[in-house]
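Work through these exercises with the sequence and the model open side by side. Try each task before reading its solution.

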Amino acid sequence: MSVNQQVTAGPSTKSSTFRKKSVPYLLIFPAVLFVAGVLAYAVISGILLSFFQYDLNTIGRPFVWFQNYIYLFTNSAFLNSLMRSIIFVALSVIIGLILGLAFAISLYRTTKYGDFFKGLSLIPYLVSGVATAVMFRFMFASDVGLINMILDTFGLEQVLFLADPNWALFVTVLANVWGIVPFTVLILLSGIQAIDSELFEAAIVDGASKLNLLFKILLPLISPMMGIALIWLSFASFNMFDVILPLTGGGPLRATEYLAVYMYNVAFTEFQYSLGSTVMVVILFFNVTLSVIYLKIFKSAE
Amino acid sequence: MKKNLLFLFVFLLIGMLTLAACSSNGGEEDASTDEGSVDNDSNDSGEDNEQASSDDGENITLTVWFGRGDFIPEDNFETFHEENPNITVETDVIPLEQSVSDFIRNFNAGNAPDIFQTYHENIPALNTQNALYDMTSQYEEWEANDPDSYNKLMPQAFDVTSYDGAIHGLGVHMGPRWHVYRNDLFEEAGLDFPETWDDVIESGIALRDSGLLEDGQYAYAIVAGADNAPNWFQSQFQAMGGEYVDGVPQMDTEAGHYLIDFYQTLKKEELIHPESISWTSGEMRGAFIGENAAMATIGDNIFPVIKEDLSEYGEKWVASTQPHRPGAEDKWRPNASSWPMVVSQDIEHPEAVTKVLQYLIDTETVREVAHRYQPTTNSEVMTEQEYFEAKPWQEELAEPFGEAEMIPSSTVHPQVMSVLLELMQYTITNPDEDPASIAETYQAQLDDLG
């Protein structure tokens, strides 16, 4: 009896193990299907489309190899957009990381009403991009703008923030940072909270200065979270669209026509769908490359 | 680990294949059965359906996309449904800005609306995609069967959707841009109303120096922001006698140089708000309505708002045709934009579609829309005393309205607009540069669009 049972138990155990192993995949399948449908399908279609010429001025969709890429990298409007995007992302990431870290440390140290302040710090992230844009437009307007009123109070000359290409870039960086820093704070705060507080206490007993605490303990220990925060800041900035369009429309003189805005204009204003897809591929390339670089750096630091 | 990755890859692949299969099947099904939503599924060909609809009174559902909710008649097709019990019209509002992309996507999926509204400038590109139906024979029948209603329509109603010898829809509404000015300020300053664009500059300078304009008030308001198509710029170009070749504006001409110089002077003489380069159309209109600008070029549809918020017509503001370029009176022409209802190539019931278009432009239907929103190409409505009472400015402007030319367009119109926008912004930020040199640079870009 027992021998028979052992003999028959072989395949049944195998199938039971297979079933057990399959369950997580089966459960995750709807989510994978959803992501594949919404994102992967669109991305793959976009990549394929970038090798065709699909626009409203062309009959059919001829295969054009790398012609769209060659066109883009010899087009002054695109190169301007790329350069402006790099400046925009670099400024957003630097300012965003510094502010995010400062706020995360402040929130970590806020023991009384800590949860309230954590909730409060998330508000900018919850406000829609269009509302953020309208708010910044009012703040930086020349006549009734809050910033110019403050400048006026101090006897300083009015600044045409939205009419000057460089100032407009600065305003878009601020609006972007305002919206994306809260999530950075959350990421960094979770890293700081995971550090054993005894480490700080021991360092203080050993006479470590505040700067030592920051650079020798805190930053190295939260480096994986810094990597994630940087990926988030870069992604969000490279893909930034919903704030820029109502805030400056990409102007003046294409000064704030970052890649996502340029992609929208090319695809949905000029109806050059393939060219828009090509810009999408370029944005994707930058996002993936930056993510790999960040992960490499912070993994080796870890 | 490798096994898990393989597992995940297989799942992803299955998912992708399922999606691809679904999308292609869906498209085919949509193309063959959904369009027109014919209740009787036995007829496969459009012609058969058409025959059935006219002969058997078969139930038909038509989808109509309006570009703005304001264009939908007040009764929302109630009367139409009473008169045509076998035709159901389903409406949706797809913003004009999205109309082409949404239509093309639906068209490619075999699920296009029967009629949709778009900017008239998009007709050439849509025609290139063979996405529009030729309504010529339907209109010939209309003219033969009901000449009274047909002859009420201004030629622009048909011209606006005509391309390559085919008529693809109907321009039910047409919106001209007029020159508006604060007559109270002009009277106080003892100024005559400007007849030329030079006069606009001169009277602007006079107003600026008269002390009548306070801080934050300017002589003229323009839209130069990047999030607006340069429609006003083009309209002024046309009023200045600007020329077009194959729908592309010729900026390296006398009119082009003059337009550039005009914008540079507005900036140099501080006749416009210093932030105009970031202004939206709303800010330009708001400047005039809020008494912060003495002159502007504004579309007719905004006049009811000006009347409500600024003053009754004639008290503080007056509208007129746009000025002409000195020495080019003969080249001056009133101009307008239109948002025609265009017909999809995929329609199965041209007669039913024609009935919908006839309904939309029928005097009883369109009167109400024209009174509260955009003027119509139905000449009967536009010459009624009732209309002049609702829109008092129209009495003087009726003649130029009738002569209004559409802004020309081409298959590369969207790219043309991008170049013009950049040209306009460059002009304002470089007021001292030689207009001819600016025109030459941007003309080369326009020519490259080919």
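**Exercise 1. Backbone outliers in chain B**

Locate N76(B), then describe its phi and its exposure.

Solution. Start with the place: N76(B) sits in the loop between β1 and α3 of chain B. Helices (H or I, at least four residues) and strands (E, at least two) are DSSP runs, numbered from the N terminus. Next, check the backbone: phi of N76(B) is positive, about 45 degrees, although the residue is not a glycine. Last, count neighbours. N76(B) has 11 other C-beta atoms within 10 Å, so it is exposed. The cut-offs are these: buried means 20 or more other C-beta atoms within 10 Å of the residue's own, exposed means 12 or fewer, and partly exposed lies in between; C-beta atoms are placed from the backbone.

Before going on, note the ground rules. This is a predicted model, in which local features need pLDDT of at least 70, side-chain atom pairs count only at pLDDT 80 or more, and totals for chains, interfaces and linings use all residues. Residues are numbered from 1 along each chain as its sequence is written, while chains are lettered from A and ligands numbered from 1 in the order in which they are written.

Now repeat the steps for N130(B).

Solution. N130(B) lies in the loop between α5 and α6 (136-145) of chain B. Its phi is positive, about 55 degrees, and N130(B) is not a glycine. N130(B) counts as exposed because it has 9 C-beta neighbours inside 10 Å.

**Exercise 2. The strands around β1(B)**

Is strand β1 (residues 60-66) of chain B largely enclosed or open? Then find its partners.

Solution. Begin with burial. Six of the seven residues of β1(B) are buried, so the strand is largely enclosed by the rest of the structure. Now the pairing, which requires that DSSP finds at least two bridges between two strands. β1(B) runs parallel to strand β2 (residues 87-93) of chain B, with seven bridges joining them. I60(B) has I87(B) as its bridge partner in β2(B). Strand β3 (residues 115-117) of chain B also pairs with β1(B), in the parallel sense, over two bridges. There, W65(B) stands opposite F116(B).

Finish with the connection. β1(B), helix α3 (residues 78-83) and β2(B) make a right-handed β-α-β unit. Right-handed means that, with the strands pointing away from the viewer, the path from the first strand over the helix to the second runs clockwise.

**Exercise 3. Core and helix packing**

Which residues touch the most other members of the largest nonpolar core?

Solution. A nonpolar core is a set of buried Ala, Val, Leu, Ile, Met, Phe, Trp, Tyr and Cys residues joined through C-beta atoms within 7 Å. The largest one has 183 residues. L259(A), V279(A), Y220(B), A221(B) and V356(B) touch the most other members. Helix α8 (residues 165-193) of chain A gives this core its largest share, twelve residues.

Now follow V356(B). Two residues are in contact if their C-beta atoms, placed from the backbone, lie within 7 Å. Leaving aside neighbours within four places in sequence, V356(B) contacts L62(B), V64(B), V89(B) and I115(B).

Then take helix α16 (residues 363-372) of chain B. Its buried residues include T365(B), R367(B) and V369(B). The buried residues of α16(B) pack against α15 (350-361), α17 (379-382) and α18 (385-390) of chain B.

**Exercise 4. Where the chains meet**

How many residues does each chain give to the contact between chain A and chain B?

Solution. Chain A gives 28 residues and chain B gives 28 residues. On the side of chain A that touches chain B, α1 (2-49) and α13 (259-269) each give two or more residues. The largest share, eight residues, comes from α1(A). By class, this side has 17 nonpolar, eight polar and three charged residues. Here Ala, Val, Leu, Ile, Met, Phe, Trp, Tyr, Cys and Pro count as nonpolar, Asp, Glu, Lys and Arg as charged, and the others, Gly among them, as polar.

**Exercise 5. A cis bond in chain A**

Which residues does the cis peptide bond join, and where is P252(A)?

Solution. The bond joins G251(A) and P252(A), with omega about -5 degrees. P252(A) is in the loop between α12 (244-247) and α13 of chain A.
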